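These are reading notes on the model you passed along. They go from the whole chain to a handful of residues that deserve a look on screen.

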Amino acid sequence: QVQLVESGGGLAQPGGSLRLSCAASGFSLSTYAMSWVRQAPGKGLEWVSDIYSDNSDTYYVESVKGRFVVSVDNAKNTLYLQMNSLKPEDTAMYYCAKNMGDSTLGYDYWGQGTQVTVSL
């Protein structure tokens, strides 16, 4: 049974950092591409980042490039999103999502989300 459980969200000040985790079970992160997607209050879903199954390719939405880093710890079967230099516009519910293959072929499983709020 595939499960994705996010954690690590919370309140951060502008310029601060948070690290989100997505613990996966029921499949190996070394086999599938994974994504982070966010939804700001009152807005639609926004893709944030991808990491391919071999850990060699990562991609980011322009607004987070240079500030966010996606990674996978295969030993822990956990996906991470290190978020630095946070801005108020990063406030959103963050979801990890499993892709249907080793590259971004569409999502078949989502986590429950973790809330990130960036505010003074």
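The points below take the overall fold first and then single residues.

1. Status of the model. The coordinates are a predicted model, and every value in this note should be read with that in mind.

2. Secondary structure. The protein chain has 0 helices and 11 strands. In sequence order the pattern is β-β-β-β-β-β-β-β-β-β-β. The strands referred to below include β4 (34–39), β5 (residues 45–51), β7 (68–73) and β8 (78–83), and β9 (92–99).

3. Overall dimensions. Along the principal axes, the C-alpha atoms occupy a box of roughly 40 × 25 × 25 Å. The radius of gyration is 13 Å, which agrees with the value near 14 Å for a compact globule of 120 residues.

4. Burial and contacts. Of the 120 residues, 42% are buried. Among contacts with a separation of 6 or more, 55% join residues that are 24 or more positions apart.

5. Surface and charge. About 5900 Å² of the protein chain is exposed, and 50% of that area comes from carbon and sulfur atoms. The chain carries 8 positive and 11 negative charges, and the mean positions of the two sets lie 7 Å apart.

6. S49, a buried strand residue. S49 sits in strand β5. Its relative accessibility is 0%, so S49 counts as buried, the cut-off being under 20%. Beyond its neighbours within four places in sequence, S49 contacts M34, S35, W36, Y59, Y60, V70 and L81.

7. G44, just before that strand in the listing of elements. G44 belongs to the loop between β4 and β5. With a relative accessible area of 47%, G44 is partly exposed. Apart from residues up to four places away in sequence, G44 touches R38 and Q39. The C-alpha atoms of G44 and L79 are 23 Å apart, with the two positions 35 residues apart along the chain.

8. D90, a buried acid in a loop. Is D90 buried or exposed? D90 has a relative accessible area of 0%, so it is buried. D90 is located in the loop between β8 and β9. The D90 side chain makes a polar contact of 3.0 Å with the side chain of R38. A polar atom of the D90 side chain also lies 2.8 Å from the backbone nitrogen of K87. Outside the four places on either side in sequence, D90 touches R38, V64, R67, F68, S85, V116 and V118. R38 is thus on the contact list of D90 and also on that of G44.

9. K87, in the loop that holds D90. K87 is placed in the loop between β8 and β9. At 34% relative accessibility, K87 is partly exposed. Leaving out neighbours within four places in sequence, K87 is in contact with R67 and V118. Both R67 and V118 are also touched by D90. The C-alpha atoms of K87 and V116, 29 residues apart along the chain, are 11 Å from each other.

10. S85, with an unusual backbone angle. What is the sign of phi at S85? Phi of S85 is positive, near 50 degrees, and S85 is not a glycine. Most residues other than glycine have a negative phi. S85 lies in the loop between β8 and β9 and is partly exposed at 40% relative accessibility. Its contacts, leaving aside neighbours within four places in sequence, are G15, G16, S17, R67 and D90. The C-alpha atoms of S85 and G16 are 5.4 Å apart, although the two residues are 69 residues apart along the chain.

11. N77, with a similar angle to check. N77 also has a positive phi, of about 50 degrees, and is not a glycine. N77 is in the loop between β7 and β8. Its relative accessible area is 16%, so N77 counts as buried, since the cut-off is under 20%.

12. Where to look. For the loop between β8 and β9, I would start with the polar contact between D90 and R38, then the backbone nitrogen of K87 beside the D90 side chain, and then the positive phi of S85. In the loop between β7 and β8, the residue to view is N77.

Note on methods: Residues are numbered from 1 along each chain as its sequence is written. This is a predicted model: local features need pLDDT of at least 70, side-chain atom pairs count only at pLDDT 80 or more; totals for chains, interfaces and linings use all residues. Side-chain values use heavy atoms; hydrogens and water are left out. Helices (H or I, at least four residues) and strands (E, at least two) are DSSP runs, numbered from the N terminus. The radius of gyration is taken over C-alpha atoms; the globule rule is 2.2 Å times the number of residues to the power 0.38. Buried means under 20% relative accessible area, exposed over 50%, partly exposed in between (1.4 Å probe, protein chains only). Contact means heavy atoms within 4.5 Å. Accessible areas come from the Shrake-Rupley method with a 1.4 Å probe; for residues, only the protein chains shown count as cover. Lys and Arg count as positive and Asp and Glu as negative; His and the chain ends are not counted. The place of a charge is taken as NZ of Lys, CZ of Arg, CG of Asp or CD of Glu. A polar contact is a pair of N or O atoms within 3.5 Å; within protein, one must be able to donate a hydrogen and the other to accept it, and residues adjacent in sequence count only if both atoms are side-chain atoms.
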